[in-house]
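Trainee: Could you take me slowly through a single part of this structure, the place where two helices pack against each other, and then show me how to read what lies around it?

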Amino acid sequence: MAERLATLIGIYGLLGLGYQLVFGQLRGLNLAQGALFGVGAYATALTAPHLGPFALLVAPLAAAALAALAGPPILRLQSHYFALATLALASLVNLVALHAEGFTGGANGLVGFGFGLPRGPGLLLAVWAVLVPSVLAYAVVFRGPTGEKARLLREAPLVAATLGIDGALWRLRAFVVGAACAGLAGGFSAALTGVVSPEATGFPVMLLCLTAVVVGGARHPLGAVLGAALAVLLPEIFRGLQAGWLLAYAAATLAVVLWLPDGLAGLLARRREVPAPAVLPHVPPAPGPRRLAVDGVGKRFGGLEALNDVSFAIGRGEIVGLIGANGSGKTTLLNTIGGLERADAGTIALDTTRLDRLPPHAIARLGIGRTFQTPIEGETRADGLARALATGAVFLLLDEPAAGMTDRERAALAQQLVRLRAAGRGLILVDHDIDLLTGVCDRLVCLDGGRVIAAGAPAEVRADARVRASFLGVPA
Amino acid sequence: MAYALIALGFVLALNAAGAVNFAHGDLVVLGGAVAVLLAAWLDLPGVLLLPLVALALAFAGVLAAHVAILPLARRPPEQTFVATLALAAMIEQTLTLTLGAAPRTTPPFVGSGAVMVGGIPLGLQPLSIVIVGGVLVAALWFLLERTQVGRRMRAVASDRQMARAVGIPVGRYVPLSLALSGALAGVAGFLLGHQFLVTPTQGAGHMLKAYIAVALGGWGSVPGALVGALAIGAFETLVSAQVGDAWASAALYAAVLLVLTLRPRGLFGEPVGQRA
């Protein structure tokens, strides 16, 4: 009995650990994990008569293959649509299990395949021999820079893209590896029970996995195992309550979501040390491209012409300020250079490399960094700047770095910008503080209604009649 | 038409809470169960039971808002999803414990016979579903488009912070929307329960249909949900007549995957654009 329970905890722990990759780390509401578990169970049951114990290896492969096949189209979807697509996929798997009788045995399922598979203590050993190294690997991988990248993908996907992180590739990897875990767990479960029925692909398995991971802790390495232990042991303890235990379990899940957002494992985790505020250390010179050129770029949003025939260039060791009234196209221009928006017309090039058809993460890897108007929750703008620099970017696009700063902070920022210029970086600076811009910029470019109306030395641009009328609000 | 009531209730809750209320399908089942219990207790005709069921479920909706939605307003939407999923399981298990797993039937709305319209026999119950559904959809349209309360509800749905900034008490509109949403779910549960019976485990199925309707119609769009629900109803009726229920469901899910692959934001797009 104890042996069976320990095996079951290991199986659900493995299922949950795979689920943590997509749900915990990348915050993707994947509702197909239960069905992938079932796919593994069926794969093992169908191949065990021919392959013996090696049928267990077929399980993760089958589940991962299905995930790899279905992944690319559905992983592009945003949160709710992703949840729905995975739910539809799971329902399809369930229907096939139920109704493709010649293949899956229909509602009766498959039996009598288990003679070649490990059982009893051997199975227990096999399950935990897979689970323990997997938990350790998870802990090691997500403690380092990978964990930090996953946090950015989860909390600020745009920032992640501008740092060169390929979100689509990450999601696919997490989905496929998570599916392999689910498949193997399903294979083990087939070996444990000796029966595989359509229930293995059903929504209750998914629900068990989701609640176990939420109750245990969605990201903590031990979260899945803790949750699985509770999910297996609680019904044993509350056996006397009959169906009441399910009610108690659901209530417990709700309570954990409300009062322990990090799950039970959150109680184990030490409080994170408060990160030191980012200071820019000595900035080393960076190799790489020498010139960023924007040529005739246009961008429309429906009927609105956000950018129209914008051209300018910037070299290393230069600071160019972008000015213009609200809505004049400054942030759109930064987005277009960084690849977050796609230009409708014109070209953007880094030396001779065209950027205007590349995805944001590829542009970031070529040497363009970006900061945003609003920092990630719990961080300052300085953290954003430090992170952009840490990618080794040569050209930095800074969107209102001084907004909300005190005079002293502005002075410090100006010094930092000048140091970056001295270290051979090229900076494009969007801000409303015309005095800051005049102080640090080599050139100013003024936008009005998406067009460049003036460009040149700060004093010239400030004196330009049209600039005074459109941006400085001084009648010409 | 009953799908339409479920989907409309779902989308109202979705817009108010800014997150999926996964317990919505179980509120529908709860509506059916309440109708069963009230009918056994009061012996009233269906026409009079309906407002009572709606009232009871409006109350259940408010309760759901206070238990699983409002406390999580500042957390990521996935947490509301999981919390309401837990709530759904609680409703399902409570019903299983109190009513048992056996299916029950709700009383008919006006009668269970059929009337002849132009020589074609029409069941009274399906007919009343269409009529009650039509009246409620029209009433909802009037509320949302023509009254101050409705305008405010739409304001809260489209931009919560802006709504707060212009002085709308956002916190009060969430329970109100959930009450409406619950009442619609209750009516749907009552009307469906006569023909399709009430079983505690039906919630997930109702939920899935509403979810599909809303996602296909454009996340958060009220007319989109209506069109999506009617489309699903028509699709199921037509396809299941050809190939049977199981493969009709399979075809529906396959169609959903196909639509999402081609149109990642639903058939008609979203009413509110993504903000960077």
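Mentor: In this predicted model, the contact is made on one side by A:Glu3, A:Ala6, A:Thr7, A:Ile9, A:Gly10, A:Ile11, A:Gly13, A:Leu14, A:Leu17, A:Gln20, A:Leu21 and A:Gln25 of α1(A), which meet A:Gly120, A:Pro121, A:Leu123, A:Leu124, A:Val127, A:Trp128, A:Val130, A:Leu131, A:Ser134, A:Val135, A:Tyr138 and A:Phe142 of α6(A). Sorted by character, the residues of this contact between α1(A) and α6(A) comprise 16 nonpolar, seven polar and one charged.

To describe two packed helices, one gives the angle between their axes and the distance between those axes. Here helix α1 covers residues 2-25 of chain A and helix α6 covers residues 120-143 of chain A, and their axes come within 9 Å and cross at roughly 25 degrees. Angles under 35 degrees count as roughly parallel, and α1(A) and α6(A) are therefore roughly parallel to each other. The crossing in which α1(A) passes α6(A) is left-handed.

Elsewhere in chain A, you can look at A:Leu208, which sits in helix α10, residues 203-216 of that chain. Buried means under 20% relative accessible area, so A:Leu208, at 18% relative accessibility, counts as buried. If residues up to four places away in sequence are left aside, A:Leu208 touches A:Tyr12 and A:Ala231. Between the C-alpha atoms of A:Leu208 and A:Val141, which are 67 residues apart along the chain, the separation is 26 Å.

Stepping back to chain A as a whole, you will find 20 helices and 12 strands, with C-alpha atoms that fill a box of roughly 90 × 45 × 40 Å along the principal axes. Of the 476 residues in chain A, 53% are buried. When contacts in chain A between residues at least 6 apart in sequence are considered, 73% of them join residues at least 24 apart.

For a contact between helices in the other chain, turn to the aromatic pairs, of which a search of the whole structure finds five over all chains. The rings of B:Phe10 and B:Tyr211 have centres 6.1 Å apart and planes at 35 degrees, so this pair is tilted. Because B:Phe10 belongs to helix α1 (residues 2-17) of chain B and B:Tyr211 to helix α9 (residues 203-217) of chain B, the pair ties together parts that are 201 residues apart in sequence. B:Phe10 is buried, with a relative accessible area of 0%, and B:Tyr211 also counts as buried, at 1% relative accessibility.

Definitions and conventions:
Residues are numbered from 1 along each chain as its sequence is written. Chains are lettered from A and ligands numbered from 1 in the order in which they are written. This is a predicted model: local features need pLDDT of at least 70, side-chain atom pairs count only at pLDDT 80 or more; totals for chains, interfaces and linings use all residues. Side-chain values use heavy atoms; hydrogens and water are left out. Axes are lines fitted to C-alpha atoms, for helices over the stretch in contact, and angles run from 0 to 180 degrees between N-to-C directions. Helices (H or I, at least four residues) and strands (E, at least two) are DSSP runs, numbered from the N terminus. Angles under 35 degrees count as roughly parallel, over 145 as roughly antiparallel, 65 to 115 as roughly perpendicular and the rest as oblique. A crossing is left-handed if the near helix is turned anticlockwise from the far one by less than a right angle, and right-handed if clockwise. Contact means heavy atoms within 4.5 Å. Ala, Val, Leu, Ile, Met, Phe, Trp, Tyr, Cys and Pro count as nonpolar, Asp, Glu, Lys and Arg as charged, and the others, Gly among them, as polar. Rings of Phe, Tyr and Trp (its six-membered ring) pair if their centres lie within 6.5 Å; planes under 30 degrees apart count as stacked, over 60 as edge-to-face and the rest as tilted. Buried means under 20% relative accessible area, exposed over 50%, partly exposed in between (1.4 Å probe, protein chains only).
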